[in-house]
Amino acid sequence: MKISFLKIISAFLILFTILIFFLALFVDKRYSTETIVGKQIDNFEIKFLLSNRTFKKNDLSKDQYHLINIWASWCLPCKKEHPTLMNLKKEKNLSLIGINFKDKKLNASGFLKELGNPYDISLIDKNGTSSIMFGVYGVPESILIDKKHNIVLKFIGPLSTKDYKTILKLINEK
Amino acid sequence: MKNNFLIILICLFSFELSANENISLETKIFKNLRCIICQGQSIAESNSDFAQTIKIVVRDKIGQGENEKEIYEFLSEKYGEWIIYRPKFNFVNSFLWFSPYIVLLLGGLLIFKYFRKRKQ
Amino acid sequence: MLSSAGNILLTGSILFTFLIIYLSFQNLREKNFKIGKDLVYLSVFQITFIIASFILLTFGFVFSDFSLLAVYQNSHTSKPIFYKIAGVWGNHEGSLLLWINIMVIFSYLFLVFNNKSNKSYSLYTLLVQNILILGFLIFLISSSNPFFKILPVPLEGLGLNPILQDPALVIHPPLLYLGFVGSSIYFSAAMGAILSNIEGKNFASSIKTWVLISWSFQSLGIIFGSIWAYYELGWGGFWFWDPVENASLIPWFCMTALAHSVLVLEKRNYLYNWVLILSLITFISSVTGTFLVRSGILNSVHTFANDPSRGLYILIFLSLMIGFSFVIFIKRRISDKFYVEPLSKETFILSNNWFMMFYLATVFIGTVYPIFTQVLYDTKISVGPPFYNAVIAPVIIPFLIFMALGPKINWIKQKYDGLKSFILILILSCFINFLIFFFFKSYNFISNLIIISSLFLIIHSAKDFILKAKTKLHFNFSSFLSHIGFGFLIFFIILNHNFSKEFDLNIKVGETKKMGNMEIKFNNLKIEERENYNAVIGYFNIFDSEKKYQKRLNPEIRVYENPQTLTFESSIITNLKQDLYLTMSNLDGSEFYNIKFQIKPFMLWIWFAALLTASGGLVRIFIKK
């Protein structure tokens, strides 16, 4: 009796393991953004790009959505998503906050002069540490925050046309 | 008996618990953090830009007097538990921490079983 | 041309494998228990064809024939010839062909050298082994054909990942494959033994040598992998508990357990079931490891091209293998009733197996647990070095003590008379530990215990060696080598772990910075053009004001064009006492460089001790009583 019990247990364990392996083959293994989505945004304090004042969490308005975009002049995909950002600038329900990431001030303002400035608020994160607040992996990344300052969406990499439509749909709801 | 006494003495002497860790808190934390954009490297090992940034953040936090646990909590809130190499001790991970010792225990019992047969 | 020739050779191999399976099956069905000339000829053809296909692929790499996809993706004309050859097994397709080659070679050698054993046993073994070979051949030709042709023929290849261009890594895969692919032969033999119902003792003596061969090569493969990681990855460590490393360690635990328990089966005819199980799971765990690595379901340093369909094929193959062996094993009942005296060699060998299974369970669970949490709870966790260190370290202590006592104990029964020497050696170990502790540096409680027990193992083995050498009684020299080597290995690893120093700082050319009681000066930076890369070389001087020495270290950043990669070359000064290890990396958009300087004591001794451990197995193969 005891031996057959052992056999059943081991057969079960083997089958279970193989089943998990099988399921794991089809699980999406890309970086997930779930950990940060849905949470209140933490307190932060980041310097403005062009002045020495700082921008804090409390300075975020309560009647608009915010899109925090992390960018750099040395980042090629940022150039690619730039037209999308310029389009988003036209939206009334959305305030764009650009955080310049590990960049030189001169290059950053050059970039904005050349291609146009989509941001309502421009901030600078010289050593990349402030962006850790938003769970940043690299540039570009964008985080959509609702009126209650909860993180609704996070985009890793340049914003696509599909992302653009998702954002429009979300901010114009109700 | 004299020997036994000596052995206990020396053991006690040399086991003097020393709390002073040889590696700095900083390095210890770096080693326990995964560089999530790298291939299986820790923050301590990685040359990537991301690792440099995390290093600055951790140093800042240590400077502000935060302890190890607070730093891990902060980072895992931002990046998920995946960033920490030492799995947290919670319900989901309890099987991970216990099962090796269960195997050890069962194995010991099994061997012991073969001893006892003889006495019957 | 090459492509069609290669495909013909592979098709031929499949044909011969199929014929071997058919013929041995026919023989078994007709109860015609002999290995006829036809089977031997077929095996010769099979091995000739498969080796020829491997040589052909090597030619493809050496002469850079980019009409082959595998060559195009993994080679480049500017690459040194040495690494062109290494490219053959530096990719999924080629390494799989190497894998099959080893299976076929082992199958052939087993057939030739095992001619004395029971014929039905040999036939069954041949049958099972060739079914395995057929499975891998079909996998090779259907989803990973190394002779796949591309048109039009590209003029230049994409190149081999530069971090794989290292001498240690050139021999690492073949050694490792000889180890864990070699274990396929005793998987087949175990199936053969069950099906043909041969006696335990005969089974044990027929697989013993094969276990030792695979164990030795597996050990060497792991060691060279570590050496590569130490020199090439530039992190200063040599073991990272990376999933791929774990995948090579799991079969090693099985082999170690098997190498010990097979002795019990041979001498005492005990543990038949257990030895069968171990023989089966060694190869099963090897294939599981391969599945984990190649399907891409784990994150790891070693990235083979990931493709879910490949993963699926291996998984199905693995499931069938496990399923069949499980059912066949269960169906056959052998009574295996025995008892052992608590104080006998049997007990100590069982305790070796006991600890091995514990390590195996820990490493296996740790490796696959993230997969389980991801699938079941949708959370991604990491199981890294801190977990393994915390779980395994305490259990090393009794393991080392048992390992010290085991070799001296007799078979069957012994009255223990070594209490006095036990205590004396323990006191001596504690005393040495105390000296290290007192004069150099304090370390934690567990480290104390591990050092004491490793010293105990070293001294105990040495004592046994000296006493036995005097009396000139028969002495198991190979086990002595492996055991004392392992004692030294743990001893030096723990010292290294506790006495290593690391400094991580940013520095620019011309600067001098303090590191503890040392100073480092960044003298100069030069750019050199080399054969297939550009090197950015940093010239550093290290001064030690206390010990009054000055050392030069020149780490490099290598910029490869094909494929475009940066690698960070460490600069290492090795001596008997310690390694000085320096790497540098550039910081984007700044003139500063990030440098990591490490002092790693006793590295040379760690390699030496590891090689000593592995040499025990080789000695046993070549020097037979």
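Visitor: Which elements of chain B do the buried residues of α4(B) pack against?

Guide: This is a predicted model. The buried residues of α4(B) include I71(B), F74(B) and L75(B). They pack against two elements of chain B: α2 (25-31) and α3 (49-63).

Visitor: Which residues of α4(B) are buried?

Guide: Buried means under 20% relative accessible area. In α4(B), that description fits I71(B), Y72(B), F74(B), L75(B), S76(B), K78(B) and Y79(B).
An α-helix has 3.6 residues a turn, so residues three or four places apart point the same way. The buried residues of α4(B) include I71(B), F74(B) and K78(B).

Visitor: What span should helix α4 of chain B have?

Guide: Helix α4 of chain B covers residues 68-79, which makes twelve residues. Each residue counts for 1.5 Å, and the expected span uses one less than the number of residues. The end C-alpha atoms of the helix are 16 Å apart, which agrees with the expected span of 16 Å.

Visitor: Which residue just after α4(B) takes a positive phi?

Guide: Look just past the end of α4(B). The phi there is about 90 degrees, and the residue is G80(B).

Visitor: How many helices and strands does chain B have?

Guide: Walk along chain B from the N terminus. The elements run α-α-α-α-α. That fits the count for chain B: five helices and zero strands.

Visitor: How much of chain B is buried?

Guide: Chain B has 120 residues. A residue there counts as buried under 20% relative accessible area. The buried share of chain B is 48%.

Visitor: Which cysteines form a disulfide?

Guide: A search of the whole structure finds one disulfide over all chains. A pair of cysteine sulfur atoms must lie within 2.5 Å to count. Here the sulfur atoms are 2.1 Å apart, and the cysteines are C75(A) and C78(A).

Visitor: Is that disulfide of C75(A) and C78(A) right-handed or left-handed?

Guide: The torsion about the S-S bond decides this. For C75(A) and C78(A) the torsion is about 95 degrees, so the disulfide is right-handed.

Visitor: Is C75(A) buried or exposed?

Guide: The cut-off for buried is under 20% relative accessible area. C78(A), its disulfide partner, has 3% relative accessibility and counts as buried. C75(A) has 4% relative accessibility, so C75(A) is buried.

Visitor: How much area do domain 1 and domain 3 of chain C bury between them?

Guide: Chain C is divided into domain 1 (1-165), domain 2 (385-499) and domain 3 (501-604). The contact between domain 1 and domain 3 takes eleven residues from domain 1 of chain C and seven residues from domain 3 of chain C. Carbon and sulfur atoms hold 57% of the buried area, which is about 690 Å².

Visitor: How many salt bridges cross the interface of domain 1 and domain 3 of chain C?

Guide: A salt bridge needs a side-chain nitrogen of Lys or Arg within 4 Å of a carboxyl oxygen of Asp or Glu. Across the interface of domain 1 of chain C and domain 3 of chain C, the rule finds zero.

Visitor: Which three residues of chain C supply 25% of the area that chain C buries against chain A?

Guide: Chain C and chain A bury about 1,900 Å² between them, and carbon and sulfur atoms give 80% of that. On the chain C side, three residues supply more than any other three: F326(C), F372(C) and V375(C).

Notes. Residues numbered from 1 in each chain as written. Chains lettered and ligands numbered in written order. Predicted model: local features only at pLDDT ≥ 70, side-chain atom pairs only at ≥ 80, totals over all residues. Heavy atoms only, no water. Buried < 20%, exposed > 50% of the residue type's maximum accessible area, 1.4 Å probe, protein only. Helix = DSSP H or I, 4+ residues; strand = E, 2+ residues; numbered from the N terminus. Contact = heavy atoms within 4.5 Å. Domains from an automatic or database assignment. Buried area = accessible area lost by both parts, 1.4 Å probe.
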